[in-house]
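Student: Before we discuss how two chains meet, could you put the structure up, so that we can set each term against its definition?

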Number of protein chains: 2
Amino acid sequence: MMRKVCVAGVGMTPFGKFRERSFQDLGREAVWNAIKDANIEPKRIQVAYAGHARTGQTLGWECGVGQAILSEVGINKIPVTSVGNFCSSGSVAVREAWMAVASGFYDVAIAIGVEKLSVRKGKGQPLTSDGVELEGPLGFTPPAFFAMVAQSHMEKYGTTREQLASIAVKNRSNSVHNPRSQYREAISIEQVINAKPVADPFGIYDCCPTGDGASAAIFCNEEIASQLGKKKVYMVGSSLVSGSYDTRDMTSFDSNLRAVEEVYKMAGLGPADVDVIELHDCFTSAELVHTEDLGFCPKGEGGSFIAEGNTQINGKVAINPSGGLLSKGHPLGATGVAQVAEVVWQLRGEAGQRQVADAKVGMTHTAGGFKDGDTASMTINLFTT
Amino acid sequence: MMRKVCVAGVGMTPFGKFRERSFQDLGREAVWNAIKDANIEPKRIQVAYAGHARTGQTLGWECGVGQAILSEVGINKIPVTSVGNFCSSGSVAVREAWMAVASGFYDVAIAIGVEKLSVRKGKGQPLTSDGVELEGPLGFTPPAFFAMVAQSHMEKYGTTREQLASIAVKNRSNSVHNPRSQYREAISIEQVINAKPVADPFGIYDCCPTGDGASAAIFCNEEIASQLGKKKVYMVGSSLVSGSYDTRDMTSFDSNLRAVEEVYKMAGLGPADVDVIELHDCFTSAELVHTEDLGFCPKGEGGSFIAEGNTQINGKVAINPSGGLLSKGHPLGATGVAQVAEVVWQLRGEAGQRQVADAKVGMTHTAGGFKDGDTASMTINLFTT
């Protein structure tokens with residue numbers, strides 16, 4: 001029923017604050033990079049999905065974002081649909097493009113992710129989730145929520161502040177080698193702990209910066225991938241689940257467990273098979289919880305597991321070799337597709353000084369929304385050589 | 001490769017101005033009506049797509065709309081994705097749900113459409129398309145654009161003001177029998193011509209009202225449809241194309257021609273087979289052009305074809321038996337899914353006093369965006385008994 005799907009090419013802009021560049025311009029750069037990477041004729045792209053979470057509220061473009069970007073590179077007339085799912089918006093664009101090819105409806109599909117947050121209104125106020133009618137004004141913002149996650153984990157499992165800080169240190173040490181990352185300076189445990197406070201125990205280095213950026217990934221069937229001649233990377237599974245963060249136990253997310261079980265089952269793989277993962281480290285405590293929930297170490301042991309180096313580029317599983325959201329920044333819709341770009345570079349052996357040796361299985365993981373209840377989501381996409 | 005897809009059930013709210021009802025409440029009513037219509041257990045729904053075009057800008061909900069609605073009826077944890085494509089947003093939700101079942105990825109999928117326009121900012125200003133950076137402020141708004149379409153058609157083909165007005169008269173005469181329509185009073189040719197002017201030659205009756213509303217359609221594989229026991233309605237094709245309205249000849253839309261050719265080919269049908277169509281009559285001239293472009297009469301003859309009664313409920317092809325956008329109103333994201341509801345009722349013989357006799361093939365047609373260029377789109381979905 002399902003056909004094999006390959007990644008033909010990937011591209012992204014650097015992430016950062018680009019107030020003077022339009023989203024069309026950012027998108028054009030990412031799409032063109034993906035087309036050049038695939039070495040495919042633009043007219044062979046048959047269908048497009050554009051992921052964006054806030055362009056309506058920031059730019060007045062709630063629809064037509066993909067069409068406007070694709071017309072910049074001369075692609076028009078094809079079906080183009082906007083898709084959204086909070087911080088997973090790029091990842092659901094990837095998922096839809098994958099389904100479009102896996103199903104046989106189309107042979108070549110493109111997923112685009114884009115966001116411009118530097119222009120958003122309400123600057124200085126924390127960026128919170130759509131529809132948080134009560135929680136937002138009452139202070140239940142993402143930094144506050146994930147700070148509570150950190151405190152719960154410290155209390156329940158004895159995780160230390162230093163272990164938490166080691167996550168930010170690791171990701172920054174990876175970003176030193178990533179020219180597309182917004183922040184590339186290495187930092188120390190002491191710098192993380194003594195940084196400007198945000199929400200106890202978090203300082204600024206525990207929180208990902210926002211930013212602007214765009215990313216693109218082209219998917220095709222296996223036959224076309226053979227013609228293109230690049231090292232083949234297969235997308236072998238995708239899971240998307242909704243809700244919920246249960247605030248009665250903030251040290252694990254039920255949606256992680258359901259999503260990862262589904263995607264492992266789909267591909268016949270397990271956590272021991274994963275060589276590299278780009279994972280949703282919007283805050284240090286998020287990476288801690290996700291690392292455990294996805295099965296890379298036993299529950300509660302994430303602090304020492306990470307601090308001892310097991311998730312470094314040459315560790316048991318390389319987590320966020322790109323530098324992650326904590327270093328790259330988090331232009332919502334662009335994030336999930338950019339994660340795919342990094343994983344594809346890793347699986348092809350093209351990641352330069354941040355290359356994970358002999359990487360064969362890669363995963364991307366994004367958490368969308370953060371409200372307690374049903375609007376949150378988790379998206380996992382899985383790739384193999 | 002493709003499995004047969006059936007419509008299990010449909011539902012919608014009345015369309016109108018419901019300032020005191022939340023979108024969650026409107027959505028809950030539509031989804032629950034569809035569930036009751038299908039007589040399916042809510043927990044059997046496996047995947048959802050929510051179409052909305054302006055909820056970010058009007059309500060601050062750019063994502064999570066589907067999750068918030070589904071949680072109202074106890075459906076959670078399943079994959080839910082927001083999709084958008086201007087006025088076609090509901091229609092692309094239908095298309096994605098159809099693809100999800102046709103591909104075999106899922107057995108039961110729901111498409112939801114919702115919009116609340118009564119709360120939008122900038123009231124009194126014409127509602128225009130996203131991203132119309134120059135055209136909007138310069139006056140190139142939807143009423144102005146479609147008034148130019150009317151004038152072009154009158155000049156090129158001799159279409160008369162009375163023929164144009166007969167479209168509004170026909171749709172209102174249908175809406176008399178539709179309890180879910182926003183405006184249900186019959187009107188005369190004279191009333192249309194002498195109405196408060198909007199953009200020459202349009203008066204208010206040539207223009208669809210905006211509004212609030214929600215709609216839902218549940219799709220399933222044929223086996224499940226057999227279990228549910230209702231008269232089977234199959235969704236046999238879907239096309240979505242992008243761009244463009246060529247302003248050098250405004251009497252035909254290239255996107256119509258490409259979209260309808262694709263969907264007819266997909267289903268092995270032609271215009272002579274279509275018994276009933278819900279078509280995007282945002283303005284009288286839009287219905288005129290779409291009627292011709294979709295092949296129901298030769299190009300240029302739409303005026304007399306319609307005025308002579310060929311598109312009335314008992315004519316050669318019943319166009320907008322629901323009363324269309326001109327009567328029902330046009331809550332953007334809700335429109336495309338509501339069109340499906342009407343077509344399904346017609347194909348099942350459940351449309352009461354507006355029933356099209358012996359309807360076997362039905363079509364829905366929505367035009368998304370209106371800008372000259374590549375961001376516009378056309379979506380056609382096709383159904384048979």
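Tutor: What follows is a short discussion of the interface.

Tutor: This is a predicted model, in which local features need pLDDT of at least 70 and side-chain atom pairs count only at pLDDT 80 or more, while totals for chains, interfaces and linings use all residues. Residues are numbered from 1 along each chain as its sequence is written, chains are lettered from A and ligands numbered from 1 in the order in which they are written, and side-chain values use heavy atoms, with hydrogens and water left out.

Student: How do you know that chain A and chain B are in contact?

Tutor: Contact means heavy atoms within 4.5 Å, and 49 residues of chain A are in contact with 49 residues of chain B.

Student: What makes up the area buried between chain A and chain B?

Tutor: Buried area is the accessible area (1.4 Å probe) that two parts lose on being put together, summed over both; here that area is about 4200 Å², of which carbon and sulfur atoms give 53%. In chain A, the residues that lose the most area to chain B are A:Glu62, A:Cys63 and A:Phe105, together 17% of what that side buries.

Student: How many salt bridges does the rule find across this interface?

Tutor: The rule asks for a side-chain nitrogen of Lys or Arg within 4 Å of a carboxyl oxygen of Asp or Glu, and across the interface of chain A and chain B it finds zero salt bridges.

Student: Why are β3(A) and strand β3 of chain B called paired?

Tutor: Two strands pair if DSSP finds at least two bridges between them, and β3(A) and strand β3 (residues 80-84) of chain B have three bridges, in the antiparallel sense, so they count as paired.

Terms used:
Helix = DSSP H or I, 4+ residues; strand = E, 2+ residues; numbered from the N terminus.
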